[in-house]
Amino acid sequence: MQFYIDTLRKLVASGQLDPHASTLVVAGGSKDRAALLEAGFTRVTISNLDPRMSDHGFAPFDWAFIDAENIAFKDDAFDQVIDHMGLHHCGSPHRALLEMHRIARKGVLVFENRDSVTLRLAVRLGVVPAYELDAVRGNEFLYGGFRNTAIPNHVYRWTEREVTKTIASADPAHRATIRFFYNLRYPAERIGSMKGLKRLALQGLRLPFGVYAAIFPRQANEFGFFIDKVSRRAQAWIDADSGELDPRYAQ
């Protein structure tokens with residue numbers, strides 16, 4: 001939660017996020033409300049496809065029932081769009097990201113799990129899950145999984161390169177400006193539920209891994225990325241008038 005708030009404040013301080021601009025949160029909930037309130041945001045619509053949610057409890061923000069993979073808004077409908085740990089619940093995380101990118105006029109902020117050699121080892125050791133059974137178990141075996149159903153979702157983990165390629169494919173006429181932020185989220189509860197030597201060994205690794213992640217932040221298990229659509233630049237081979245390939249580059 002603190003990583004969420006700190007990142008919002010950094011982007012507000014740099015002028016890349018505006019706390020008073022129209023903001024849509026996809027796959028949102030009470031944590032988004034708390035973080036955005038603390039960071040000073042005022043014009044926010046929190047959305048989700050969970051049928052149990054309503055506009056009650058999200059005031060002073062608005063509420064909307066929205067499927068992140070099929071957002072029923074026109075292009076550039078909101079100034080900025082935010083998602084916090086929701087893409088990996090989608091059937092196509094890439095499609096949801098591109099829907100966010102399509103309707104955002106100024107920028108997109110996403111928080112997700114980051115893929116790495118360290119994380120793949122952690123999955124093999126059972127320290128972090130490949131599928132989120134706990135999310136469904138914690139929702140009475142009815143919700144919380146794949147597209148908020150009772151099917152546990154696969155935890156899709158991203159890399160910087162994958163984010164860059166996805167946006168380049170969606171908007172090939174421009175060179176994207178993307179900022180990355182890193183955070184180590186230690187799975188204390190999951191490790192605490194283990195037994196015997198495995199638990200003791202993993203608890204003993206907390207401090208050295210924290211130092212390791214501080215030196216090599218890309219090995220952290222969580223990251224945020226901000227796609228700045230305002231500062232993107234047209235490709236050199238794009239004609240400024242037509243927005244298409246400049247004939248001079250087609251020789």
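The following questions and answers walk through a predicted model of one protein chain.

Biologist: How many helices and strands are there in the chain?
Modeller: The chain has 251 residues, and 43% of them count as buried. Its regular elements are of two kinds, and the count for the chain is 9 helices and 7 strands.

Biologist: Among contacts in the chain with a separation of 6 or more, what percentage comes from residues 24 or more positions apart?
Modeller: One example of two residues apart along the chain is P129 and V155, which are 26 residues apart and have their C-alpha atoms separated by 7.5 Å. P129 itself has its place in the loop between α4 and α5. For the chain, counting contacts with a separation of 6 or more, the share from residues 24 or more positions apart is 67%.

Biologist: Is P129 buried, partly exposed or exposed?
Modeller: A residue counts as buried under 20% relative accessible area and as exposed over 50%. The relative accessible area of P129 is 24%, so this residue is partly exposed.

Biologist: Which residue of β4 stands opposite V26?
Modeller: V26 belongs to a strand, β1 (residues 23-26), that pairs with β4 in the parallel sense over 4 bridges. Strand β4 covers residues 78-84, and 7 of its 7 residues are buried. Within β4, the residue opposite V26 is D83.

Biologist: Which residue in β2 is the bridge partner of L24?
Modeller: In a regular strand, side chains alternate between the two faces of the sheet. In β1, T23 and V25 lie on one side while L24 and V26 lie on the other, and all of these are buried, which leaves both faces of β1 covered. Strand β1 also pairs with β2 (residues 44-48), in the parallel sense and over 3 bridges, and in β2 the bridge partner of L24 is T45.

Biologist: Which helix makes a β-α-β unit with β1 and β2?
Modeller: The two strands pair in the parallel sense. Together with a helix spanning residues 30-38, they make a right-handed β-α-β unit, and that helix is α2.

Biologist: Which residue in β5 does V81 stand opposite?
Modeller: Strands β4 and β5 (residues 104-113) pair in the parallel sense over 6 bridges. With helix α3 (residues 93-103), β4 and β5 make a right-handed β-α-β unit. The residue of β5 opposite V81 is V108.

Biologist: Which element gives the largest share of the largest nonpolar core?
Modeller: In soluble globular proteins, nonpolar side chains tend to be buried together. Here the largest nonpolar core has 24 residues, and V81, L97 and F225 are those with the most contacts inside it. The elements that give two or more residues to this core are β1, β4, α3, β5, α6 and β7, and the largest share, 4 residues, comes from α3.

Biologist: How many residues are in the second, separate core?
Modeller: Among the members of this second core are L8, V25, F58 and L109, and its size is 22 residues.

Biologist: Which elements do the buried residues of α6 pack against?
Modeller: In α6, the residues E160, E162, V163, T166 and I167 are buried. Two of these, T166 and I167, are among the residues that L97 touches, and that list also includes W158 and F225. The buried residues of α6 pack against α3, β6 and β7.

Biologist: Why is the pair of F180 and F225 tilted?
Modeller: The structure holds 10 aromatic pairs. In this one the ring centres are 6.4 Å apart, and planes under 30 degrees apart would count as stacked and over 60 as edge-to-face. The planes of F180 and F225 stand at 50°, so the pair is tilted.

Biologist: How many residues apart are F180 and F225, which the pair links as distant parts of the chain?
Modeller: F180 is in strand β6 (residues 174-183) and F225 is in strand β7 (residues 222-234), and the distance along the chain is 45 residues.

Biologist: What is the relative accessible area of F225?
Modeller: F180 is partly exposed, with a relative accessible area of 23%. F225, by contrast, is buried, and its relative accessible area is 0%.

Biologist: What angle do the ring planes of F223 and F225 make?
Modeller: F223 and F225 belong to one aromatic cluster together with Y156, W158, F180 and Y182. The ring centres of F223 and F225 are 5.5 Å apart, and the pair is tilted because the planes stand at 55°.

Conventions
Residues numbered from 1 in each chain as written. Predicted model: local features only at pLDDT ≥ 70, side-chain atom pairs only at ≥ 80, totals over all residues. Heavy atoms only, no water. Buried < 20%, exposed > 50% of the residue type's maximum accessible area, 1.4 Å probe, protein only. Pairing = 2+ DSSP bridges. Right-handed = clockwise from strand over helix to strand, strands pointing away. Phe/Tyr/Trp six-rings, centres within 6.5 Å; stacked < 30°, edge-to-face > 60°. Core = buried A, V, L, I, M, F, W, Y, C linked by side-chain atoms within 4.5 Å. Contact = heavy atoms within 4.5 Å. Lists of a residue's contacts leave out its neighbours within four places in sequence.
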